[in-house]
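Trainee: I am new to this structure and would like a close look at a single part of it, with its surroundings explained step by step.

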Amino acid sequence: MAPPSFCECEVPVCTEKSNPCGTRSFEWGLPRGISSPGCKGKEEPALTIEGGCHCGAVRYEIEGEANHVAVCHCTDCRRCAGAMGVAWAGFPIANLSLSGDTAVYASSPGVERRFCLICGTGLFYINADAPGQVDVQVATLDEPECLPPVRHVQMADAADWEKTFHQLPMHDRYPAQD
Ligand SMILES: [Zn+2]
Ligand SMILES: [Zn+2]
(Lines give C-alpha, C1' and ligand atoms only; values in the text may rest on other atoms or scores of the structure.)
(Ligands and ions follow the chains in the order given, each with its own letter.)
Protein backbone atom coordinates (compact mmCIF):
# COMPACT_ATOMS: atom_id res chain seq x y z
CA MET A 1 0.00 0.00 0.00
CA ALA A 2 1.26 3.48 -0.82
CA PRO A 3 1.89 5.83 2.09
CA PRO A 4 -0.91 8.32 2.69
CA SER A 5 -0.66 11.68 1.04
CA PHE A 6 -2.12 14.85 2.47
CA CYS A 7 -4.64 17.27 1.02
CA GLU A 8 -4.67 20.98 1.91
CA CYS A 9 -6.54 20.28 5.15
CA GLU A 10 -3.96 17.70 6.27
CA VAL A 11 -6.40 14.82 6.35
CA PRO A 12 -4.57 11.73 5.12
CA VAL A 13 -5.92 10.50 1.82
CA CYS A 14 -4.81 7.21 0.30
CA THR A 15 -3.42 7.44 -3.17
CA GLU A 16 -5.03 4.20 -4.24
CA LYS A 17 -8.27 2.39 -3.53
CA SER A 18 -7.41 0.25 -0.56
CA ASN A 19 -9.07 -1.39 2.37
CA PRO A 20 -6.79 -0.83 5.37
CA CYS A 21 -9.40 -1.89 7.89
CA GLY A 22 -10.12 -5.24 6.31
CA THR A 23 -13.88 -5.31 6.59
CA ARG A 24 -14.87 -1.94 5.16
CA SER A 25 -14.50 -0.62 1.67
CA PHE A 26 -12.97 2.76 1.04
CA GLU A 27 -13.17 5.11 -1.92
CA TRP A 28 -10.23 6.92 -0.38
CA GLY A 29 -8.13 6.54 2.74
CA LEU A 30 -10.53 7.57 5.45
CA PRO A 31 -13.48 5.50 6.65
CA ARG A 32 -16.84 6.56 5.31
CA GLY A 33 -18.27 9.36 7.35
CA ILE A 34 -14.88 10.67 8.41
CA SER A 35 -14.29 13.89 6.58
CA SER A 36 -13.01 17.32 7.25
CA PRO A 37 -14.49 20.74 6.53
CA GLY A 38 -11.70 21.32 4.02
CA CYS A 39 -12.57 18.24 1.96
CA LYS A 40 -15.77 19.37 0.26
CA GLY A 41 -17.22 16.81 -2.07
CA LYS A 42 -15.46 13.89 -0.42
CA GLU A 43 -18.01 13.18 2.29
CA GLU A 44 -19.33 9.64 2.43
CA PRO A 45 -22.41 8.28 4.20
CA ALA A 46 -22.15 8.06 7.99
CA LEU A 47 -20.32 5.10 9.44
CA THR A 48 -20.72 3.45 12.81
CA ILE A 49 -17.42 2.89 14.58
CA GLU A 50 -17.24 0.46 17.51
CA GLY A 51 -14.89 0.10 20.43
CA GLY A 52 -14.60 -0.88 24.05
CA CYS A 53 -12.40 -1.42 27.07
CA HIS A 54 -9.97 -4.28 27.62
CA CYS A 55 -12.28 -6.44 29.75
CA GLY A 56 -15.27 -5.94 27.47
CA ALA A 57 -17.61 -4.57 30.16
CA VAL A 58 -17.86 -1.23 28.34
CA ARG A 59 -18.73 -1.19 24.66
CA TYR A 60 -19.53 1.88 22.59
CA GLU A 61 -20.61 2.96 19.14
CA ILE A 62 -20.05 6.30 17.45
CA GLU A 63 -21.79 7.52 14.34
CA GLY A 64 -20.70 10.22 11.97
CA GLU A 65 -17.69 12.34 11.44
CA ALA A 66 -14.70 12.89 13.68
CA ASN A 67 -14.02 16.60 13.97
CA HIS A 68 -10.41 16.09 14.97
CA VAL A 69 -7.94 13.25 15.48
CA ALA A 70 -4.72 14.06 17.31
CA VAL A 71 -2.15 12.57 19.67
CA CYS A 72 -1.99 14.59 22.88
CA HIS A 73 1.23 14.74 24.88
CA CYS A 74 -0.01 16.91 27.76
CA THR A 75 0.96 16.06 31.32
CA ASP A 76 -2.64 15.26 32.29
CA CYS A 77 -3.05 12.73 29.46
CA ARG A 78 0.33 11.20 30.23
CA ARG A 79 -0.36 10.64 33.91
CA CYS A 80 -4.01 9.63 33.50
CA ALA A 81 -3.23 7.10 30.77
CA GLY A 82 0.16 6.03 32.09
CA ALA A 83 1.38 6.48 28.54
CA MET A 84 3.56 9.00 26.73
CA GLY A 85 0.84 10.08 24.33
CA VAL A 86 -2.87 9.53 23.87
CA ALA A 87 -4.60 9.53 20.49
CA TRP A 88 -7.99 11.23 20.68
CA ALA A 89 -10.83 11.53 18.16
CA GLY A 90 -13.52 14.13 18.78
CA PHE A 91 -17.22 13.64 18.03
CA PRO A 92 -20.56 15.25 18.90
CA ILE A 93 -21.53 13.55 22.15
CA ALA A 94 -25.01 12.86 20.75
CA ASN A 95 -23.35 10.46 18.30
CA LEU A 96 -22.00 8.26 21.11
CA SER A 97 -23.90 5.36 22.60
CA LEU A 98 -22.45 2.98 25.15
CA SER A 99 -23.20 0.04 27.40
CA GLY A 100 -21.50 -0.85 30.67
CA ASP A 101 -20.42 1.20 33.64
CA THR A 102 -17.81 3.93 33.46
CA ALA A 103 -16.21 5.79 36.34
CA VAL A 104 -15.23 9.44 36.22
CA TYR A 105 -12.03 11.20 37.20
CA ALA A 106 -12.02 15.00 37.09
CA SER A 107 -8.40 15.58 36.10
CA SER A 108 -8.94 19.34 36.19
CA PRO A 109 -11.95 21.61 36.84
CA GLY A 110 -14.67 21.06 34.24
CA VAL A 111 -12.97 17.97 32.81
CA GLU A 112 -14.30 14.41 32.98
CA ARG A 113 -12.10 11.48 32.05
CA ARG A 114 -14.18 8.34 31.91
CA PHE A 115 -12.72 4.87 32.28
CA CYS A 116 -13.99 1.33 32.72
CA LEU A 117 -15.01 0.69 36.30
CA ILE A 118 -13.59 -2.83 36.17
CA CYS A 119 -10.41 -2.83 34.08
CA GLY A 120 -9.51 0.86 34.18
CA THR A 121 -9.17 1.37 30.42
CA GLY A 122 -9.38 5.08 29.60
CA LEU A 123 -12.19 5.76 27.16
CA PHE A 124 -13.66 9.26 27.01
CA TYR A 125 -12.82 12.89 27.70
CA ILE A 126 -15.47 15.56 28.20
CA ASN A 127 -14.63 19.22 28.81
CA ALA A 128 -17.18 21.82 29.97
CA ASP A 129 -15.39 24.31 27.71
CA ALA A 130 -16.45 22.25 24.69
CA PRO A 131 -20.14 21.55 25.32
CA GLY A 132 -21.68 18.73 23.30
CA GLN A 133 -18.29 17.26 22.47
CA VAL A 134 -16.67 13.98 23.50
CA ASP A 135 -13.16 12.80 22.75
CA VAL A 136 -12.68 9.06 22.42
CA GLN A 137 -9.38 7.27 22.97
CA VAL A 138 -8.55 5.99 19.49
CA ALA A 139 -6.63 3.04 20.97
CA THR A 140 -9.91 1.61 22.28
CA LEU A 141 -11.50 1.34 18.83
CA ASP A 142 -11.90 -2.16 17.46
CA GLU A 143 -10.13 -0.86 14.36
CA PRO A 144 -7.90 2.00 15.50
CA GLU A 145 -6.28 2.17 12.09
CA CYS A 146 -9.57 3.65 10.85
CA LEU A 147 -8.93 6.99 12.59
CA PRO A 148 -5.36 8.01 11.81
CA PRO A 149 -4.17 11.02 13.81
CA VAL A 150 -3.21 14.02 11.71
CA ARG A 151 -1.13 15.90 14.27
CA HIS A 152 0.62 15.86 17.66
CA VAL A 153 -0.55 18.45 20.19
CA GLN A 154 0.82 19.70 23.52
CA MET A 155 4.39 18.85 22.50
CA ALA A 156 5.58 21.44 25.02
CA ASP A 157 4.85 18.83 27.72
CA ALA A 158 6.42 15.90 25.85
CA ALA A 159 9.65 14.25 27.00
CA ASP A 160 12.49 15.09 24.65
CA TRP A 161 12.87 11.45 23.63
CA GLU A 162 9.29 11.33 22.33
CA LYS A 163 10.38 13.60 19.49
CA THR A 164 12.73 10.91 18.13
CA PHE A 165 10.54 7.88 18.94
CA HIS A 166 10.21 6.97 15.28
CA GLN A 167 13.99 6.62 14.91
CA LEU A 168 14.27 3.71 17.37
CA PRO A 169 14.85 0.17 16.06
CA MET A 170 11.52 -1.58 15.40
CA HIS A 171 10.88 -5.31 15.84
CA ASP A 172 7.78 -7.29 14.90
CA ARG A 173 8.00 -8.91 18.36
CA TYR A 174 11.28 -8.83 20.28
CA PRO A 175 14.89 -8.52 19.10
CA ALA A 176 15.74 -12.15 19.87
CA GLN A 177 12.91 -13.33 17.59
CA ASP A 178 13.96 -11.38 14.49
ZN1 LIG B 1 -13.26 -2.90 31.19
ZN1 LIG C 1 -3.88 15.78 26.77
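Leaving aside its neighbours within four places in sequence, which residues is Leu 123 in contact with?

Mentor: Please keep in mind throughout that this is a predicted model. Leaving aside neighbours within four places in sequence, Leu 123 is in contact with Cys 53, Val 58, Thr 102, Arg 114, Phe 115, Cys 116, Val 136, Gln 137 and Thr 140. Leu 123 belongs to the largest nonpolar core, which has 26 residues, and it is among those that touch the most other members, together with Trp 88, Ala 89, Val 136, Val 138 and Leu 147. The elements that give two or more residues to this core are S4, strand S5 (68-72), S6, strand S9 (111-116), strand S10 (122-127) and S11, and of these S6 gives the most, with five residues. In soluble globular proteins, nonpolar side chains tend to be buried together.

Several of these elements also meet in an open sheet of seven strands, whose order is S8-S9-S10-S11-S6-S5-S12 and whose pairing is mixed. Strand S8 (102-105) and strand S12 (151-153) stand at the edges with a single partner strand each, so one side of each is left without a neighbour in the sheet. From one strand to the next, the twist averages 30°. Within this sheet, strand S6 (residues 86-92) runs antiparallel to strand S11 (residues 133-137), the two being paired over five bridges, and Phe 91 has Val 134 in S11 as its bridge partner.

S4, another contributor to the core, is worth following through its own pairings. Strand S3 (residues 48-52) is joined to S4 by five bridges in an antiparallel arrangement, with Gly 52 having Arg 59 in S4 as its bridge partner. The two strands form a hairpin with six residues between them, and in the turn Gly 56 has a positive phi of about 90°. S4 also pairs in the antiparallel sense with strand S7 (residues 96-99), over four bridges, and here the bridge partner of Ile 62 is Leu 96 in S7. In a regular strand the side chains alternate between the two faces of the sheet. Strand S4 (residues 59-63) has a covered face formed by Tyr 60 and Ile 62, whereas Arg 59, Glu 61 and Glu 63 make up its uncovered face.

A word on confidence is useful when reading this picture. The chain averages a pLDDT of 82, and 74% of the residues score at least 70, but over residues 1-43 the pLDDT is below 50, although this stretch has 65 contacts in the model beyond near neighbours in sequence.

Terms used. Residues are numbered from 1 along each chain as its sequence is written. Chains are lettered from A and ligands numbered from 1 in the order in which they are written. This is a predicted model: local features need pLDDT of at least 70, side-chain atom pairs count only at pLDDT 80 or more; totals for chains, interfaces and linings use all residues. Two strands pair if DSSP finds at least two bridges between them. Axes are lines fitted to C-alpha atoms, for helices over the stretch in contact, and angles run from 0 to 180 degrees between N-to-C directions. A residue is buried if 20 or more other C-beta atoms lie within 10 Å of its own, exposed if 12 or fewer, and partly exposed in between; C-beta atoms are placed from the backbone. pLDDT is the predictor's confidence in each residue, from 0 to 100. Two residues are in contact if their C-beta atoms, placed from the backbone, lie within 7 Å. A nonpolar core is a set of buried Ala, Val, Leu, Ile, Met, Phe, Trp, Tyr and Cys residues joined through C-beta atoms within 7 Å.
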